[in-house]
Amino acid sequence: MRIAFVGLGNMGGGMAANLVKAGHEVAAFDLSTDAIGRAVAAGCDAARSAADAVGGAAAVVTMLPAGTHVAAVYADAVFGAAAEDTLLLDCSTIDVATAKAVAADAAARGQSMVDAPVSGGIAAANAGTLTFMVGGTSDAFVRAQPILAAMGKAVLHAGAAGAGQAAKICNNLLLGASMVATAEAFVLAGKLGLDAQTFFDISSKASGQCWSMTSYCPVPGPVPASPANRNYDGGFASALMLKDLKLAVEAAQAVGAAVPMGAQAEALYQIFVGLGGAAKDFSAVTKLLDGSWSAG
Ligand code: NAD
């Protein structure tokens, strides 16, 4: 299948390469010529513009920073150049309102679109092990499934247009708030004289157990693979967690949902990012809480 891929950054580069590995012909475009060069080295064809990539493609995949980029790329390049039966897949993490609006514009033109944000970071994008949360009609989901499966390990239908983004930001609101709570618990345990490993051994088998503790433990030691053991480098950047928490809090305001824990987590990550923590894994918020954080 000929697939247009627009947005070849940290995530999109590996995803486009995996479409090539699955046997697709990929026409790739990014504003960065370096990014296009890397995509060509991975077997993609360089396009001169987003519209050039989209012309003649059976499907379009976009992986862009935020809602403003997605709305502009679809309005300026994708809608005009795509055929009516071209399937449109936006894998970026964006606000629910923009996702719904762009999908409605696509539907008005008779084009099928899904929002398909991902869980999993750069390593999962490169390895083809992302999880996709998909919003769109059942027909569009069925068409999108094999394309997304070439880039991931799980493809889940969340509901109608925008539901993929809703699932993504609700999941990450829970993740951000649970990480802050887990970090707080370890910091308090330490100040109360409890050894981190001892607290882990107890709480991970008691009702405090959660993913932030057992897979991504925010202090070094108990979970050897967690970013805390490598100075919080790699993993899921605090700047991206802040972005997702902002999207969740904005979405909550739009529908009148109370998210006090999510809002508090957003405020804490805002402080941490402001103090230079943007690139550190989001579990590094522990260092803000225990007072040991200093940037650099
Ligand atoms: P990135 O900034 O590395 O890549 C975005 C790319 O889009 C850049 O190469 C940029 O040049 C390109 N771009 C911007 N505007 C463009 C335009 N008008 N036309 C063509 N190209 C354009 O970002 P990323 O880390 O790859 O993230 C992409 C999306 O995936 C974001 O929405 C992010 O929230 C989401 N996400 C990222 C991660 C992660 O770990 N990095 C994990 C899950 C989801």
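Which residues of H12 are buried? That is a handy way into this predicted model, and point 4 below picks it up.

1. **The overall layout.** Start with the domains. The assignment splits the chain into domain 1, covering 2-161, and domain 2, covering 170-289. Their C-alpha centres sit 30 Å apart. I'd go through the strands first, then the cores, and then helix H12 and the aromatic pairs.

2. **Strands E1 to E4.** Take strand E1 (residues 2-6) as your reference. Four of its five residues are buried, so the rest of the structure largely encloses E1. E1 runs parallel to strand E2 (residues 25-29), and five bridges join the two. If you want to check the register, look for Val6 opposite Phe29 in E2, and for Ile3, whose bridge partner in E2 is Val26. E1 also pairs with strand E4 (residues 59-62), again in the parallel sense, over four bridges. There, Ala4 has Val60 of E4 as its bridge partner. To get from E1 to E2 the chain goes through helix H1 (residues 12-21), and this β-α-β crossover is right-handed. E2 is mostly covered too, with four of its five residues buried. Moving on, E2 is joined by two bridges to strand E3 (residues 45-46), and these strands run parallel. Ala28 has its bridge partner in E3, namely Ala46. E2, helix H2 (residues 33-41) and E3 together make a right-handed β-α-β unit. When you look along these strands, bear in mind that side chains in a regular strand alternate between the two faces of the sheet.

3. **Two nonpolar cores.** The largest nonpolar core contains 59 residues. Phe5, Met15, Leu19, Leu88, Leu89, Phe132 and Leu148 have the most contacts inside it. Helix H4 (residues 67-81) supplies the largest share of this core, six residues. Apart from this core lies another one, of 25 residues, and Val180, Ala183, Leu247 and Trp293 are among them. For a closer look at the 59-residue core, click on Met15. Leaving out residues up to four places away in sequence, Met15 touches Phe5, Met63, Cys91, Ala125, Leu130, Phe132 and Met151.

4. **Helix H12.** Back to the opening question. The buried residues in H12 are Gly262, Ala265, Glu266, Leu268, Tyr269, Phe272 and Gly277. What do they pack against? Their partners are helix H8 (163-191), H11 and H13. A general reminder helps when you trace the helix: an α-helix has 3.6 residues a turn, so residues three or four places apart point the same way.

5. **Gln270, a residue to compare.** Gln270 is also found in helix H12. Is Gln270 buried or partly exposed? It counts as partly exposed, because its relative accessibility is 36% and buried means under 20%. Setting aside its neighbours within four places in sequence, Gln270 is in contact with Leu242 and Lys246. Gln270 and Met241 are 29 residues apart in sequence, with 9.7 Å from C-alpha to C-alpha.

6. **The aromatic pairs.** A search of the whole structure turns up six aromatic pairs, and two deserve a look. In the pair of Phe236 and Phe282, the ring centres are 5.7 Å apart and the planes stand at 75°, so the pair is edge-to-face. Phe236 comes from the loop between helix H10 (211-214) and helix H11 (238-255), while Phe282 comes from the loop between helix H12 (260-277) and helix H13 (285-289), so the pair ties together parts that are 46 residues apart in sequence. Both Phe236 and Phe282 are buried. The other pair is Phe272 with Trp293: the ring centres lie 4.8 Å apart with planes at 65°, so this pair is edge-to-face as well. It links distant parts of the chain, with Phe272 in helix H12 and Trp293 in the segment after H13, 21 residues apart. Phe272 is buried at 0% relative accessibility, and Trp293 is buried with a relative accessible area of 16%.

7. **An aromatic cluster.** Lastly, don't stop at the pair when you view Phe236 and Phe282. Together with Trp211 and Tyr216, they form one aromatic cluster.

Definitions and conventions. Residues numbered from 1 in each chain as written. Predicted model: local features only at pLDDT ≥ 70, side-chain atom pairs only at ≥ 80, totals over all residues. Heavy atoms only, no water. Phe/Tyr/Trp six-rings, centres within 6.5 Å; stacked < 30°, edge-to-face > 60°. Buried < 20%, exposed > 50% of the residue type's maximum accessible area, 1.4 Å probe, protein only. Contact = heavy atoms within 4.5 Å. Core = buried A, V, L, I, M, F, W, Y, C linked by side-chain atoms within 4.5 Å. Pairing = 2+ DSSP bridges. Right-handed = clockwise from strand over helix to strand, strands pointing away. Domains from an automatic or database assignment.
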